[in-house]
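Here is a short report on one protein chain. Charge pairs come at the start, and the fold, helices and surface follow.

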Amino acid sequence: MNRRYIIGICITVLVLGINQIFIQYWLKQKKTDANTINVAGKQRMLSQRIAAEFYVIDKEAKSSVFLKSLLEQWVDTHHSLISRMEESNILLEKGGNIRDEFKKLNPYITFIQEQVKSIENSSVNLGAITQNQNNFLEAMDAIVKKLEENSDKKLSFIVWIEYFLFFLALLILVLEVYFIYKPIESKVRQASIVLEDKNEKLNHALEKIKIKNKELQEITYIASHDLQEPLRTVSSMVDMFGVKYKASFDEQGKTMLGFIESATSRMRNLVKDLLEYSVLGQNKKLTRVDCNEILDEITQDLNSTITKTNAILKWNALPVVTAYKSEFRLLFQNLISNAIKFQQTDNQPKIEIQSEDLKEYWKFKVSDNGIGIKEEYKEKIFYIFKRMHSKEAYEGTGIGLSHCKKIVEMHDGKLWVESEEGKGSDFYFTIKKEIVNL
């Protein structure tokens with residue numbers, strides 16, 4: 001990631017963090033100041049109630065118990081305010097401290113305390129008490145006003161800091177856009193142009209590959225198809241030659257004629273397999289295929305081979321899949337045929353087919369008890385016309401597994417083998433559940 005981009009993010013986060021700290025501090029101060037003013041208002045209210053209670057005691061000769069309770073609340077509230085002022089240490093405009101202003105109220109409270117003590121021994125001096133409480137209220141109103149002004153100034157300062165941080169964050173954002181995001185956007189745009197150019201070249205290359213593949217398929221098909229005619233002619237002439245002149249040949253001549261017949265037959269099979277490989281997948285159509293039905297058909301087609309070798313073929317309940325039916329059938333047929341063919345002499349072939357649901361794919365396993373595959377041949381066996389054994393040992397053209405690999409890739413899957421020489425093979429392949437029909 002761009003270094004300047006990281007620095008820009010860190011600065012933005014820092015400014016936002018400081019902003020949040022000031023917001024929390026502002027809320028805390030606002031709550032503290034509001035509580036202090038409320039307590040001051042409570043003391044002011046208690047002062048008024050005390051003056052009223054003195055009047056009631058004087059006029060109605062009531063007990064002073066409630067008056068004493070009010071006085072205790074008044075004194076407690078006063079001490080609470082002084083304690084708050086000592087904690088907040090609020091300064092006045094002309095110096096000094098509000099807590100000192102609160103201490104100036106002590107004489108008013110002391111006067112009332114003395115009046116309460118002597119209330120039962122002398123008459124109540126309502127005039128002096130009323131004047132004392134009026135003076136107290138005026139002093140308290142002045143203090144409350146100063147508290148409110150001080151709170152407003154403090155909150156105004158904090159709000160100013162909030163505005164400053166806001167504009168600072170806005171400035172940082174503008175600078176980030178200009179010095180960080182804009183260059184990055186330019187680089188991304190340039191990279192996008194380069195990527196589009198590469199994609200365009202890649203598309204052209206893919207189109208050329210498609211054209212070349214199509215040409216190669218046509219050439220393969222034409223070559224394979226055109227080779228069929230001279231091969232049929234050669235084969236027919238060899239047959240006619242053998243019928244007419246074979247009796248005149250000595251043993252060496254008969255052997256040579258046999259070689260010609262064998263080579264012609266093998267060449268015909270190679271051309272046939274090459275032709276099938278070239279057209280594999282053409283005009284293909286996806287359809288729902290029941291794997292169990294496919295295997296039943298293959299078992300019937302290979303009935304003579306299965307009977308001759310006494311092979312055992314079994315499978316679990318296999319799924320219904322979306323596939324190219326003819327090609328999918330050929331896939332199973334080739335794997336089963338190979339499993340029957342590549343066996344030790346007099347060994348009874350045993351083939352088992354299993355399936356597994358892998359969410360997006362179906363996974364199949366075709367196991368056999370055949371001759372197995374050497375480690376160095378596990379990849380080579382899927383190459384076209386790549387034989388691991390001589391034609392005398394095992395017949396075939398070496399294209400069957402190439403067919404299988406091509407068919408599996410048509411189904412967006414993979415084909416691989418796990419095997420140990422002399423202990424059989426496990427062929428695995430996957431096919432995608434949802435295939436895009438191109």
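The count comes to eight salt bridges in this predicted model. In general, side chains of opposite charge can pair when their charged atoms come close. Three of the pairs are set out below.

| Basic residue | Acidic residue | N to O distance |
|---|---|---|
| Lys 201 | Asp 197 | 3.4 Å |
| Lys 378 | Glu 375 | 2.9 Å |
| Lys 423 | Glu 420 | 3.6 Å |

Beyond these pairs, salt bridges with shared partners link Glu 297, Asp 301 and Arg 329 into one network.

The partners can be sorted by exposure. Lys 201 is exposed, at 54% relative accessible area. Its partner Asp 197 is partly exposed, at 35%. Both residues belong to helix H5, and their spacing of four residues puts them about one helical turn apart.

Is Lys 378 buried or exposed? Lys 378 has a relative accessible area of 15%, so it counts as buried, the cut-off being under 20%. Glu 375, by contrast, is exposed at 56%. In the remaining pair, Lys 423 is exposed at 61% relative accessibility, while Glu 420 is partly exposed at 46%.

**Overall fold**

The chain holds ten helices and seven strands. It has 438 residues, of which 33% are buried. Take the contacts between residues at least 6 apart in sequence: 73% of them join residues at least 24 apart. The exposed area is about 27900 Å², with 56% supplied by carbon and sulfur atoms.

**Helices**

Helix H4 covers residues 106-117. Its twelve residues reach 17 Å from first C-alpha to last, close to the expected 16 Å. Ile 109, Ile 112, Gln 115 and Val 116 are its buried residues. They lie on the same side of H4, because they cover an arc of only 120° around the axis. Pro 107 and Lys 117 are exposed, on the face turned away from that buried side.

Helix H9 covers residues 325-341. Its 17 residues should span 24 Å, and the end C-alpha atoms are 24 Å apart, which agrees. The buried residues of H9 include Phe 328, Leu 331, Phe 332, Leu 335 and Ile 336. Polar and charged names also occur in that buried list, among them Glu 327, Arg 329, Asn 334 and Asn 338. Arg 329 is also part of the salt-bridge network with Glu 297 and Asp 301.

Thr 264 sits in helix H6 (residues 251-279). Its relative accessibility is 8%, so it is buried. Val 238 is 26 residues away from Thr 264 along the chain, yet their C-alpha atoms are separated by 8.9 Å.

**Surface**

Which residues form a nonpolar patch on the surface? They are Val 159, Tyr 163, Phe 166, Phe 167, Leu 170, Leu 173, Val 174 and Val 177. Together they have about 760 Å² of accessible area. Phe 167 is placed in helix H5 (residues 126-245). This residue is exposed, with a relative accessible area of 52%.

**Backbone**

Two loop residues have a positive phi without being glycine. Lys 359 has phi near 70°. It lies between strand S4 (350-357) and strand S5 (361-368), and is exposed at 73% relative accessibility. For Asp 412, phi is about 55°. The loop of Asp 412 runs between helix H10 (400-410) and strand S6 (415-419). Asp 412 is partly exposed, at 38% relative accessibility.

How values were computed
Residues are numbered from 1 along each chain as its sequence is written. This is a predicted model: local features need pLDDT of at least 70, side-chain atom pairs count only at pLDDT 80 or more; totals for chains, interfaces and linings use all residues. Side-chain values use heavy atoms; hydrogens and water are left out. Buried means under 20% relative accessible area, exposed over 50%, partly exposed in between (1.4 Å probe, protein chains only). Contact means heavy atoms within 4.5 Å. Accessible areas come from the Shrake-Rupley method with a 1.4 Å probe; for residues, only the protein chains shown count as cover. The expected span of a helix is 1.5 Å times one less than its number of residues. The arc is that of the directions from the helix axis to the C-beta atoms. Patches are made of residues with over 30% relative accessible area and no salt bridge: like charges are joined within 9 Å, nonpolar side chains (Val, Leu, Ile, Met, Phe, Trp, Tyr) within 5 Å. A salt bridge is a side-chain nitrogen of Lys or Arg within 4 Å of a carboxyl oxygen of Asp or Glu.
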